[in-house]
Amino acid sequence: MDWMQLQRLAAEEAAHGPRAGPRAGSEAGPASGAGDPAALLEGLNPEQRAAATHPGGALLILAGPGSGKTRVITRRIAWLVATGRAQAWEIAAITFTNKAAREMRERVEQLLPARGAWISTFHAFCARLLRREIELLGTHTRDFTIYDTSEKNQLIKNLVKELGYDATRFRPALLGGWISARKNRGREAFEAAAEAQAEEQGIEAEVLQQVERRYAAALARNNALDFDDLLLQVLALFERQPGVRDAYARRFRHVLVDEYQDTNRVQYEIARHLASHHHNLAVCGDPDQSIYSWRGADIRNILEFGRDNPAARTVRLEQNYRSTGNILRAAEALIRNNAGRQDKRIWSDKPAGEPILVCECADEEDEAREVALQVRALQARGQRLDGIAVFYRVNFMQRALESALRLARVPYQIVGGLEFYDRREIRDLIAYLKLIVNRRDDLAFRRVVNVPTRGIGEKSLEQFSAWAAARGLPLSEALLHDEALAAIKGRARGGLQAFRELLVRLEPAQGVDAAVALDLVLGEIGVERWLGEMDDESGVDREANIEELRAHAAAWDRMSSELARALAEVETAGTTASATDGAPDADRPPTGLRGYLQEIALVNDTDALDAGSGKVTLMTLHSAKGLEFPVVFLCGVEEELLPHARALQENTSADPEAGVEEERRLFYVGITRAEERLFLTHCQQRLHFGQTSFCSPSRFLDELPKEVLAGGASDGAGDQDDGGALGVYEPKTPDATFTEGERVEHDHFGRGTIVRLQGSGINARATVRFPAHGEKILLLQYAKLRRVAKG
DNA sequence: AAATCCGCGTTTTTT
DNA sequence: ACGCGGATTT
């Protein structure tokens, strides 16, 4: 989200080289001894060391939460290079999120002078590979566009309409989901299931198939790939072109895959192909943290790794260096309720620490206020805000938390939750950029052909696109034919002509830096008029957004060219191996406009959260995986939310617990992010779709041992004064000062009657009906209410 | 072709 | 409650 931050980062990077990672402290050890193998192993326990120094062959690292997994992988990479077992560029390390990739890259760079290892997500890895090789498949050029989910839905919607179906009944997002599901899991295996499910929703299998076929064709026509295709096309390439497969398999002497429990079938196969020559495949993961089955992740990949690779060495990292005893105990007690897991110990020699606090709140506003107040209290006791995280199950919960934090003047940053790219002006500009790079992108064409308005309406556009379709031409190419325009009448023809000339003028932008291309577009389209015609009474500052985009693009240009320079040095200094040996010829991440587009397609801007930001971090539980914070708040620990109602539906008859168990793992992931303090909150009621619905505490709360909870049994120590903890929490005593129905007086509103009392302690509130002002909800802590005599 | 109005789905989770 | 898309106006 914070674009200025990225810009600053870029500046720093240019000035001082890579900055310290979020957990810089943990890598203090061998920084000085970079390249010295012995120094690289400093501070590792025997298991960690065994994993880091496994010489080759298959390696399975079963890593409990907080067991130093990232540390082991980064040290391993450095160790492989330092001991001459691999060149940096012969290593592929694959992560699941961009955050993880970024962190790993930074930490490896601290240990290792040489850059050049491919450290990225599966998707980024595949995109990079396809930029070089996709033309071998014959369907796309290397300038292919990557469609994100909303672009994909838009395309599907167009197709549904073209087929003459009603897009409200056949909802594009649903269709897209099924198409994606089919691509990701074994295609045949899932086919029947998806169709059955579709039928249930009143969508005929035939429609699904039709749309699916058209969608695949449209992607090819537009020279575009969706997220799933990035993976699938790599697999197709490897399968159809064994030579290419072998070249990469030879080149990547060592392949490492993190979060292996979350790989899907396609990713599994890609990893196997990559390791098919040297067989040095190291995977790392924790079956108890598998939380992506909805995305096709197959937990069997990790459970059966040993079966796939009989010679595999298994290393278990069980010592937890992160959390206090209480937190760890809670996590362990919880996860034990999952059936059929390998019994894995996690242990720590840390003291029990503070108890876990469970807080019942009246509603989501109350909950958010509670979090804000606790944050302030912690801050007053010297807790840094960037050591605090707030997690929630679903994105919509973000709102209440945000507004409470804003009200309490607590600075915060949000991870995930798209926002920025959803803004119209940003999407328009990006569509222009995409169209410049990939002239076949009809989706982008349609988006911007009338932006700013050129008098081109739906009717004339359909007429025009019919002409193009009849000849199998992309829209931007059809535009060059006078014959196509001749058929269009009125104002629209002039508009199309103007657009044609515009595209011609934008042509030179193809090879330039992103910021330069953006400026060219902005200069050509006439920002004034464009902004003028977008309704601005909503108060959104579109000009500022555009400015942010420019700053972001400029920052990216600087960073990528810097990186390219560094890599060029590696190349000239390093080996002269030929291309057939998989040497890093032309092996640089894309730069310029093309690179920028790839970047923003794959990297959510909010991935770059800043550890030194001085801000509280908000994110979903899914985003939280792999991170750690001294203080964690976990909100909405309620039935229907955690476990989520939808997950409960997915308890199939075959596996009646599957849905709940994944939700339990999600909770487990959340708990184990906390180092010192953990707060769990749940509400009595919550606003859902504008309606209040009642909530009961999550079943998972009952699975936590009472002894680790504040106010829990035994422990002897005074839970009651609660001061044993940070002294933060107010005891939950009912506020006896007022009773419902009582007459009270308020400084501002005058006299009224208490309708309702809610909450307690610092959250005690009264709903008071004032004759002159209606009903008001007052925080008793602040509102000075006086009891008045009746009559 | 743009402006306004109405009804419906939204809220799992991410690349 | 809200925003989007479709349908209806002007």
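How many nonpolar, polar and charged residues does the surface near DNA strand B have? There are nine nonpolar, 14 polar and five charged residues. This is a predicted model.

Start with DNA strand B. It is surrounded by 28 residues. The closest are Arg171, Arg393, Asn395, Gly457 and Arg646. Of the strand B atoms that come within 4 Å of the protein, sugar and phosphate make up 48%.

Some side chains make polar contacts here. Trp294 places a side-chain N or O atom 3.0 Å from a base oxygen of DNA strand B. His622 has a polar side-chain atom 3.3 Å from a base oxygen of this strand. Ser623 contacts the backbone instead: a side-chain N or O atom is 2.9 Å from a phosphate oxygen.

Now turn to DNA strand C. Lys157, Lys161 and Phe689 surround it. Sugar and phosphate account for 67% of the strand C atoms within 4 Å of the protein.

Next, look at the aromatic rings. The whole structure holds 16 aromatic pairs. Take Trp118 and Phe252. Their ring centres are 5.3 Å apart and their planes meet at 70 degrees, so this pair is edge-to-face. Trp118 sits in strand 3, while Phe252 lies in the loop between helix 12 and strand 6. The two are 134 residues apart in the chain. Both are buried.

A second pair, Tyr432 and Phe499, is tilted, with 6.5 Å between centres and 55 degrees between planes. Tyr432 belongs to helix 19 and Phe499 to helix 24. Both residues are buried.

Return to Trp118. Ring pairs join it with Phe125, Phe238, Tyr248 and Phe252 in a cluster. Arg128 lies over the face of Trp118, 4.0 Å from the ring centre.

How values were computed
Residues numbered from 1 in each chain as written. Chains lettered and ligands numbered in written order. Predicted model: local features only at pLDDT ≥ 70, side-chain atom pairs only at ≥ 80, totals over all residues. Heavy atoms only, no water. Near = heavy atom within 4 Å. Polar contact = N/O pair within 3.5 Å; in protein donor to acceptor, adjacent residues only side chain to side chain. Nonpolar A, V, L, I, M, F, W, Y, C, P; charged D, E, K, R; others polar. Phe/Tyr/Trp six-rings, centres within 6.5 Å; stacked < 30°, edge-to-face > 60°. Helix = DSSP H or I, 4+ residues; strand = E, 2+ residues; numbered from the N terminus. Buried < 20%, exposed > 50% of the residue type's maximum accessible area, 1.4 Å probe, protein only. Lys NZ or Arg CZ within 6 Å of the ring centre and 35° of its normal.
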